[in-house]
Each structure stands twice: as structure tokens, then as C-alpha cells.
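Trainee: I am new to this structure and would like a close look at a single part of it. Please take one residue and its surroundings, and then a helix packing.

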Amino acid sequence: MTSIKRTKFSLTPDELLEMFYWLKLIRGFDERLTILVRQGKIRSGVYSGLGQEAIIVGTCYGLRKEDYICPLHRDLGAFLMKGVDPGVMMAQMYGKVGGLSKGRDSALHSSVPELGIFGNTSMLGANLPVAAGIGLTFKMEQTDNVVLAYFGEGASNTGDFHEGLNLAGANQLPVVFICENNFYAYSVPFEKSMAIEDVADRAQSYGFEGVAINGNDVLAVYQATQGAVRRARAGEGPTLIECKTYRWHGHSEHDKAFYRTDEELAMWKSRDPLPVFTQFLHDRNVLPEEKLHEIEQRVTDVVDAAVRFAENSPDPEPGEAVTDLWA
Ligand SMILES: Cc1ncc(C[n+]2csc(CCOP(=O)(O)OP(=O)(O)O)c2C)c(N)n1
């Protein structure tokens, strides 16, 4: 089927196709959510990650089940890649019993410890000291598991960001900090909130390496992450990877994003991670036409089944709101 055995990133053609499937699935899932929001079916807030998929696929691909991720509001795809069933994820968005929190909250705060997913709080940046804490646990338990902690460039201006990085740097913790720099924190453009070009530069203040990369290039993200993960597993401490990207939708589905121009959006859409990777696969004869159709059909089937599962899942009973609480 293909003319190459392995790429320079040590990925086989089948692995490349698996990455392609994930990119397509995450895109398809988010696109369907947008439609469902407009149909009034979704109870969770929706913070679309359209345009940012390469970061999720490039960072999550190849992680172990025992590794932890601390995803953000825009990272539903990371839940899927770490093993959450798409139907359960969709039921979470519908606020149904079949969702992760059985209809108790939006998608943002779900934790799935058995899959290594730590649910974020609403306070931006607050997941970063927690990620360092998880890394400290891994180090004390002498495992070689790693933590991937996601944050936006906006969150990198909070105190928690600096405390988390300092803790990780001072203790050489196995944490990979992933900045999803989409150039806007809600309506605030990057240049109005910081005086430097690259968030990655902040890592050196805490004694470790930071790199700024093209976050729309899934293989660049994968390569940078794999390097950081390997160092972290070997006890060589944290890394900050800043992935430059752009969110195609507003901050959330209710935000029309009037604070940016159509030209800017069009420019970034021309850097869509999917056609770039599709071309890469075509050029290497990894993606014949029938394979492309097969993957597209699979994505449609998975998303359709997820919606069916969510729609058939019951609404929560009011009395259930206070069960599963810890004091
Ligand atoms: C500490 C804190 N300050 C402000 C907010 C309100 N808020 C929610 S999302 C958001 C923008 C976040 O931007 P960024 O961190 O760059 O992530 P993005 O949404 O762009 O992915 C803001 C300001 C918050 N949730 N927490």
C-alpha cells in the first residue's frame, strides 16, 4: 500500500493514518457540537477547538494510560484520545446521565482518574500547580509516568502559571507544559497582555527549556512532545512547548468574535492543520482515495452513534444532584 516504512519521527504508515483519524474525529466532533448548539440541544458551554486539533493529536498520541493529562476547556479531543467513549463525551455535553458527571456539570471539570485525566477548574492556570503536584507524586513513587498540562497564553499571565512552573523546575518534575497560544484570551489580543513574543521564553526563568513551534503541524507537535516526554521519563525534568495556533470560532459558541478581522481568520484558515497533513500523507502514498473515504465514513459513524447515545440517555433526576459528593 505504501512506498515508505517509517517516517523520520518513527511513525509507521498505520500510525500516521491513526493520527489522521484522530484529527478528523476531533474536527468532526467539534463541528457537530456547533450544529447541536444551534439546535438548542447542548447544555454544556462549548469552547470550540476547531483549528487547534493538531496540538491535541500531536501531544496525546503515544501517551500511556498511566500518564496524566490536565486538559482545558477547548480540549475535548484530549478526553477522546485518552480513552473516553465519544458517546459518553457527547452525553456530557448534553447534560445527560450517560455523561462523565451524570449530567451534573459542563464538560470543563470532568476528571477520569482511571484514564489519567485531571479535570480543570474554572480558574485559569490553576491546573498547572496541580499538574506539578501530580508530577511530584510520580517522582516520589519512582514511576516514569509523565503529566501533560495544557494552558492558553492568557493563563500564562496568572500567578498560578509561575508557581506551577517554578515547582516543576525546582524539583525536576516529569511535566510537559503545553501552551495553546491562539493569540486571544477571550477578546484580549496577545500583544495587549504581554511584552514578549514567545510564552516559551518564560521557561528559562524556572530552569528548563521552552520551545515555540507551529501548533498547526501535527508532526512538529508530536516530535517536540515526544522529545519532552522522553526527557521527563528519564528524570530530566519539565519542558514548555508553546504551540502557535488560532481558534476559528469565538471564545465560546455565543461569542461572535467581532474583535478580530475576517482577513486574519482567513489567513489562519489557510493554515488549517488537516490539508497540510493530508498532503503529507498523499505525497508519501500513505492515504489512497479509498482509505480517505473509509476514515471519513468511520468518523461520521462514530459521531452519529455518539449523538444517538446522548439523545437516548435519560435526563438526571433532581435528587441525584447531591449524590457522589465528598465532604
Ligand atoms: C484566573 C481567571 N481569570 C479570568 C477568567 C475568565 N476567562 C475564562 S476563559 C478566558 C480566556 C482564556 O484565554 P487563554 O488562557 O488564552 O485560553 P483560550 O480560551 O484562548 O484557549 C478568561 C479570561 C478565568 N476563568 N480565570
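Mentor: This is a predicted model. Start with Asp67, which sits in the loop that runs between helix 2 (53–60) and strand 1 (68–70). Asp67 has 0% relative accessibility, and because buried means under 20%, Asp67 counts as buried.

Two polar partners of the Asp67 side chain can be named. One is a backbone atom: the nitrogen of Arg64 lies 2.8 Å from a polar atom of that side chain. The other is a side chain, that of Arg233, with which the side chain of Asp67 makes a polar contact at 2.8 Å. Once neighbours within four places in sequence are left aside, the residues in contact with Asp67 are Lys82, Leu115, Gly116, Asn145, Val146 and Arg233.

Arg233 also leads to the helix packing, as helix 8 covers residues 218–233. Helix 8 packs with helix 1, residues 13–38, at an angle of about 110°, and their axes are 12 Å apart. Angles of 65 to 115 degrees count as roughly perpendicular, and helix 1 and helix 8 are therefore roughly perpendicular to each other. Their crossing is right-handed. On the side of helix 1, the contact is made by Leu16, Met19 and Leu23, and on the side of helix 8 by Val218, Leu219 and Tyr222. Sorted by type, the residues of this contact between helix 1 and helix 8 comprise 6 nonpolar, no polar and no charged.

Technical notes: Residues numbered from 1 in each chain as written. Predicted model: local features only at pLDDT ≥ 70, side-chain atom pairs only at ≥ 80, totals over all residues. Heavy atoms only, no water. Axes fitted to C-alpha atoms, helices over the stretch in contact; angles between N-to-C directions. Helix = DSSP H or I, 4+ residues; strand = E, 2+ residues; numbered from the N terminus. Parallel < 35°, antiparallel > 145°, perpendicular 65-115°, else oblique. Left-handed = near helix turned anticlockwise from the far one by under 90°. Contact = heavy atoms within 4.5 Å. Nonpolar A, V, L, I, M, F, W, Y, C, P; charged D, E, K, R; others polar. Buried < 20%, exposed > 50% of the residue type's maximum accessible area, 1.4 Å probe, protein only. Polar contact = N/O pair within 3.5 Å; in protein donor to acceptor, adjacent residues only side chain to side chain.
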